[in-house]
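Subject: Structure for you to look at

Hi there,

Here is the structure I promised to pass on, with my notes underneath. Please have it open in your viewer as you read.

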Amino acid sequence: MSNQLGSYLPPPTKQRFADTFRTVSRFSLWIQLVLGGISAIALLLAIFSRNLSVKTDNAGIGLGIFLAIVGILLLCFRVYWAFRYRRLAKRLQSANRDVHPKKEEIIQVLQIGLVVSLAGVLLAFLASELSVVVVLAKALAEPQGIAVYNRQNVIRSLDIFVVLANINMIGAHFVGGVTSLGLLEWVDQ
């Protein structure tokens with residue numbers, strides 16, 4: 001793969017890599033912040049829209065919410081890591097060569113970002129699959145006219161907010177992973 005990509009992109013000079021690193025990390029940071037913010041808001045709406053007085057026997061949504069919270073925590077770390085990318089790029093652009101990070105340090109930071117993003121994608125994927133299965137099970141459990149008498153099978157906004165939060169987290173972690181993978185592939189030439 002490295003040889004294929006190398007034929008399209010010239011080997012990076014330190015300055016070109018620093019410029020690209022800073023630009024890509026800036027876009028990655030903001031995209032992750034926006035998608036993570038949407039996920040957090042949707043999850044908060046889901047949590048606070050729960051009617052705590054009504055007992056639900058649906059452990060699937062509870063597990064989906066828990067996985068979403070863990071995914072958001074991973075995304076918070078990933079946003080911090082994208083910010084760290086920007087600081088590394090600034091150090092690379094510095095006129096003082098003593099503050100320049102070593103190639104191995106950059107590769108290690110990119111690898112950690114990639115692993116965290118992949119873990120976040122996996123968690124968000126599992127959470128969204130679980131949430132969609134719960135919503136589908138509710139939809140198929142009874143015809144909608146009868147669902148009025150059996151309140152646990154009514155699809156609530158909570159269910160849709162959890163799905164929305166998890167899908168946005170998949171996107172945010174995906175952007176972080178692609179950023180790390182692309183930069184890692186380019187610097188490793």
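Glu105 comes out as partly exposed in this predicted model, because its relative accessibility is 25%. The side chain of Glu105 meets that of Arg91 in a salt bridge, at 3.5 Å from N to O. Arg91 belongs to helix α3 and Glu105 to helix α4 (residues 103–141), so the pair ties together parts that lie 14 residues apart in sequence. Arg91 is also partly exposed, with 32% relative accessibility. The count of salt bridges in the structure comes to one, so you won't have a long list to go through there.Now for the overall layout. The protein chain has five helices and zero strands, and from the N terminus its elements run α-α-α-α-α. Of its 189 residues, 38% count as buried. If you look at contacts between residues at least 6 apart in sequence, 85% of them join residues at least 24 apart. The accessible surface of the chain comes to about 10700 Å², and carbon and sulfur atoms account for 69% of that.

What does the inside look like? In soluble globular proteins, nonpolar side chains tend to be buried together. Here the largest nonpolar core has 17 residues, and those with the most contacts inside it are Phe17, Phe21, Tyr85, Leu92, Ile106 and Leu110. Helices α2 (14–48), α3, α4 and α5 each supply at least two residues of this core. Apart from it lies another core, of 16 residues, with Leu35, Ala42, Leu43 and Met169 among them.

Phe21 is a good residue to centre your view on. Leaving aside neighbours within four places in sequence, Phe21 is in contact with Tyr85, Leu88, Ala89, Leu92, Ile106, Leu110 and Leu183. Phe21 also belongs to an aromatic cluster, which it forms with Phe17 and Tyr85. Across the structure there are five aromatic pairs.

Next, a few buried residues that may interest you. Which residues does Asn166 touch? Not counting residues up to four places away in sequence, Asn166 touches Gly64, Ala68, Ala124, Ala127, Ser128 and Ser131. Asn166 sits in helix α5 (residues 157–187), and it counts as buried because its relative accessible area is 0%, where the cut-off for buried is under 20%.

Ser131, one of those contacts of Asn166, lies in helix α4. Ser131 is likewise buried, with a relative accessible area of 0%. With residues up to four places away in sequence again left out, Ser131 touches Gly64, Val162, Val163 and Asn166. Gly64 therefore appears in the contact lists of both Asn166 and Ser131, and these two residues also touch each other.

Gly71 is found in helix α3 and is buried too, at 0% relative accessibility. The contacts of Gly71, once residues up to four places away in sequence are set aside, are Met169 and His173. Met169 is also one of the residues of the 16-residue core. How far apart are Gly71 and Leu123 in sequence and in space? They are 52 residues apart in sequence, while their C-alpha atoms are 6.1 Å apart.

Helix α3 (residues 59–93) also holds Cys76. Is Cys76 buried or partly exposed? With a relative accessible area of 49%, Cys76 is partly exposed. Cys76 and Gln32 lie 44 residues apart in sequence and 9.0 Å apart in space, C-alpha to C-alpha.

Last comes the surface. Val34, Ile38 and Leu164 form a nonpolar patch there, with about 230 Å² of accessible area together. Leu164 is in helix α5, the helix that also holds Asn166. Leu164 is partly exposed, with a relative accessible area of 38%, whereas Asn166 is buried at 0%.

If you want an order for viewing, you could begin with the salt bridge between Arg91 and Glu105, go on to Phe21 and its contacts, and then turn to Asn166 and Ser131. The patch of Val34, Ile38 and Leu164 on the surface would round off the tour.

Happy viewing, and do write back with whatever catches your eye.

Best wishes

Notes:
Residues numbered from 1 in each chain as written. Predicted model: local features only at pLDDT ≥ 70, side-chain atom pairs only at ≥ 80, totals over all residues. Heavy atoms only, no water. Helix = DSSP H or I, 4+ residues; strand = E, 2+ residues; numbered from the N terminus. Buried < 20%, exposed > 50% of the residue type's maximum accessible area, 1.4 Å probe, protein only. Contact = heavy atoms within 4.5 Å. Phe/Tyr/Trp six-rings, centres within 6.5 Å; stacked < 30°, edge-to-face > 60°. Areas by Shrake-Rupley, 256 points an atom, 1.4 Å probe, with all protein chains shown as cover. Patch = residues over 30% accessible without salt bridge, like charges linked within 9 Å, V, L, I, M, F, W, Y side chains within 5 Å. Salt bridge = Lys/Arg side-chain N within 4 Å of Asp/Glu carboxyl O. Core = buried A, V, L, I, M, F, W, Y, C linked by side-chain atoms within 4.5 Å.
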